[in-house]
Amino acid sequence: MTQSRSISETQDIQNISTPIGLQLSGKYTKSFAYVTIKDRLPVILTRIIDHFSRNKEAIKNIYGEESIDEIKYLIGFVSKMKNELVTNKTLKPLRLNDFTSNDEAEEWNKYLEHRIDIEGEIPTWFNTIWLYCECYMYRVLAQEISLTVKLSRYDPFEDEKQANFIQSIGSISALGSYVRHILCTCWPENDLQTEKEEFRKLLNVSLWGNRCDLSLSAGSDASQSGDPLEVLESLKENILSNDWEQVWNILRDKNEAECVTIDIVLDNAGYELFTDLCLAAFLIVKNLTIKVRFYVKKYPWYVSDATLHDFYWILEQMDYLDTYPDLQLLSKMFFNFLDNEFWSLEEEPYWTSPYDFTKMKEKDVKLYEKLSTAKLVIFKGDLNYRKLLGDVNYEHITTFTNALGDFCPTNIVSLRTVKSDICVGLKPGLSELLSETDENWMITGKYGLIQTSIFADKSNTPSEFSTCSEENVKTL
């Protein structure tokens with residue numbers, strides 16, 4: 001493979017925003033993709049280098065003397081990757097393990113060859129699509145860590161995720177006390193209005209929990225403070241597209257014979273994950289579903305994305321907090337949900353694959369089928385939103401359903417605070433109005449979306465796919 005040109009010498013770099021109908025890419029200098037690759041990703045890599053450098057003695061005490069050489073190797077590897085990123089070098093195949101299955105890593109290498117075919121040259125950090133190169137950074141980092149012996153399961157972001165939870169404990173305690181109260185309160189059978197209002201509040205809390213994103217802040221403090229319920233009314237106007245009542249109607253529309261499952265594709269650990277747990281507990285206790293399946297990331301991902309370890313750590317941490325009895329009670333309740341299989345934790349490799357969700361039916365039939373057995377899939381966060389839309393810069397007035405194309409395994413809802421320059425489902429003129437008052441409105445997390453796509457013709461046989469309507473065909 002030949003090395004690419006420097007950024008300044010690359011003719012493809014264009015001083016424009018991402019054109020309508022194209023995927024986001026760092027080659028457009030007036031895009032958040034460019035800013036991310038130029039500024040945010042190098043900072044994240046620098047923090048990883050600093051983490052290993054600062055904590056090598058502590059790591060050695062846990063993992064043994066042999067881990068020192070592995071730390072030195074990883075520091076060198078990350079430093080080299082950072083240099084290649086900032087100088088716009090070519091992306092390289094993932095290094096494979098000689099002793100275990102490499103199916104996932106090989107799939108990434110196949111995708112690299114696919115990108116070469118599409119682009120006519122070896123992809124470089126700024127010139128290829130943003131979704132690919134950003135995910136590639138986290139996946140190749142995970143691969144190199146997995147190839148070590150002592151540190152093969154090490155999470156370089158663990159300290160930051162746990163600090164986010166601990167630093168948000170005031171908000172977590174306030175929310176936990178509120179949720180414990182409503183879960184233990186029995187309302188009259190015909191008091192649907194109270195139940196509906198409490199659902200709205202917890203759905204909104206889960207939405208705004210998505211602001212606590214360590215990837216957006218490049219790993220700096222992204223904790224939550226204050227009582228999250230007290231600010232909900234003031235944030236109502238910041239929800240630019242709000243389909244929450246459609247979500248409620250989906251949940252209330254129950255066939256007594258069906259065993260209702262809700263899927264939640266998680267985003268961040270820490271405070272956001274706690275808000276998701278509260279929402280999921282409400283769904284179970286109030287009989288809005290029989291089962292909740294949580295989908296976690298298989299590898300440390302985008303700094304703060306939730307892994308299996310992060311999920312259990314939060315439940316255990318809640319149980320240790322003697323001064324917060326409501327959190328201890330909720331911890332026992334949550335563990336009970338897991339023990340009795342009302343909740344389940346799912347690790348699916350597709351979430352850390354190189355593909356967006358528009359390719360799922362082709363690349364992972366089993367996962368697509370699995371999602372189709374759920375009554376509703378809740379996708380949390382910005383990265384899931386980008387993958388739902390194929391990271392295409394649609395016109396902002398494009399409907400959410402049209403932007404999903406033929407990805408329609410079941411009813412879908414996206415809970416996302418806007419943190420990248422891609423957005424659909426807005427009323428005509430709204431994005432222009434927002435741009436007049438704040439040119440950065442799409443990347444701050446100040447605004448939120450609750451968007452649904454209703455699947456009206458779902459097959460009664462979960463293992464068979466239903467055909468999406470013509471209205472769902474993606475238009476660029």
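Guide: Contact here means heavy atoms within 4.5 Å. This is a predicted model, with local features needing pLDDT of at least 70, side-chain atom pairs counted only at pLDDT 80 or more, and totals for chains, interfaces and linings using all residues. Residues are numbered from 1 along each chain as its sequence is written, and side-chain values use heavy atoms, with hydrogens and water left out.

Visitor: OK. What is L229 in contact with, leaving aside its neighbours within four places in sequence?

Guide: L175, Y178, K201 and V205, once residues within four places in sequence are set aside.

Visitor: And where is L229 found?

Guide: In the loop between α8 (192-209) and α9 (232-235). Helices (H or I, at least four residues) and strands (E, at least two) are DSSP runs, numbered from the N terminus.

Visitor: Is L229 buried, or not, and at what accessibility?

Guide: L229 counts as buried, because its relative accessibility is 17%. The cut-offs are under 20% relative accessible area for buried, over 50% for exposed and partly exposed in between, with a 1.4 Å probe and protein chains only.

Visitor: How many Å separate the C-alpha atoms of L229 and A403?

Guide: 32 Å, with the two positions 174 residues apart along the chain.

Visitor: A403 again: which residues does V424 touch?

Guide: A403 is one of them. The others, not counting residues up to four places away in sequence, are Y385, L389, Y394, E395, H396, T398, T399, F400 and Q451. V424 itself belongs to the loop between β6 and α18 (430-437), and with a relative accessible area of 0% V424 is buried. T401 is 23 residues from V424 along the chain, and their C-alpha atoms are 9.5 Å apart.

Visitor: Switching to the sheet. What order do the strands have?

Guide: β1-β7-β6-β5-β2-β3-β4, in an open sheet of seven strands with mixed pairing. Two strands pair if DSSP finds at least two bridges between them.

Visitor: Which strands stand at the edges?

Guide: β1 (239-242) and β4. Each has a single partner strand, so one side of each lacks a neighbour in the sheet. On average, neighbouring strands of this sheet are turned by 15 degrees against each other, direction ignored. For such angles, axes are lines fitted to C-alpha atoms, for helices over the stretch in contact, and values run from 0 to 180 degrees between N-to-C directions.

Visitor: Why is β3 largely enclosed?

Guide: Because five of the six residues of β3 (residues 291-296) are buried, the rest of the structure largely encloses this strand. β3 runs parallel to β2 (residues 261-265), joined by five bridges, and D263 stands opposite R293 in β3.

Visitor: How does the chain cross from β2 to β3?

Guide: Through helix α11 (residues 271-285), as a right-handed β-α-β crossover. Right-handed here is judged with the strands pointing away from the viewer: the path from the first strand over the helix to the second runs clockwise.

Visitor: What joins β3 to β4?

Guide: Five bridges, and the two strands run parallel. V296 has E347 in β4 as its bridge partner. By contrast, β6 (residues 411-417) and β7 (residues 448-453) pair in the antiparallel sense over six bridges, where I412 stands opposite S453 of β7.

Visitor: Helices now. At what angle do α6 and α12 pack?

Guide: About 35 degrees, with the axes of α6 (residues 158-167) and α12 (residues 308-320) 11 Å apart. α6 contributes E158, K161, Q162, F165 and I166 to the contact, and α12 contributes H309, D310, W313, I314, Q317 and M318.

Visitor: Odd backbones. Which phi does N88 have?

Guide: A positive one, about 60 degrees, although N88 is not a glycine. N88 sits in the loop between α3 (67-86) and α4 and is buried, at a relative accessible area of 0%. D391, also not a glycine, has a positive phi near 55 degrees. The loop holding D391 lies between α16 (381-388) and α17 (400-404), and D391 counts as buried at 0% relative accessibility.

Visitor: Last one. Where is the place of R115?

Guide: In helix α4 (residues 103-119). R115 counts as buried at 7% relative accessibility. Not counting residues up to four places away in sequence, R115 touches G120, E121, P123, T128, I129 and Y132.
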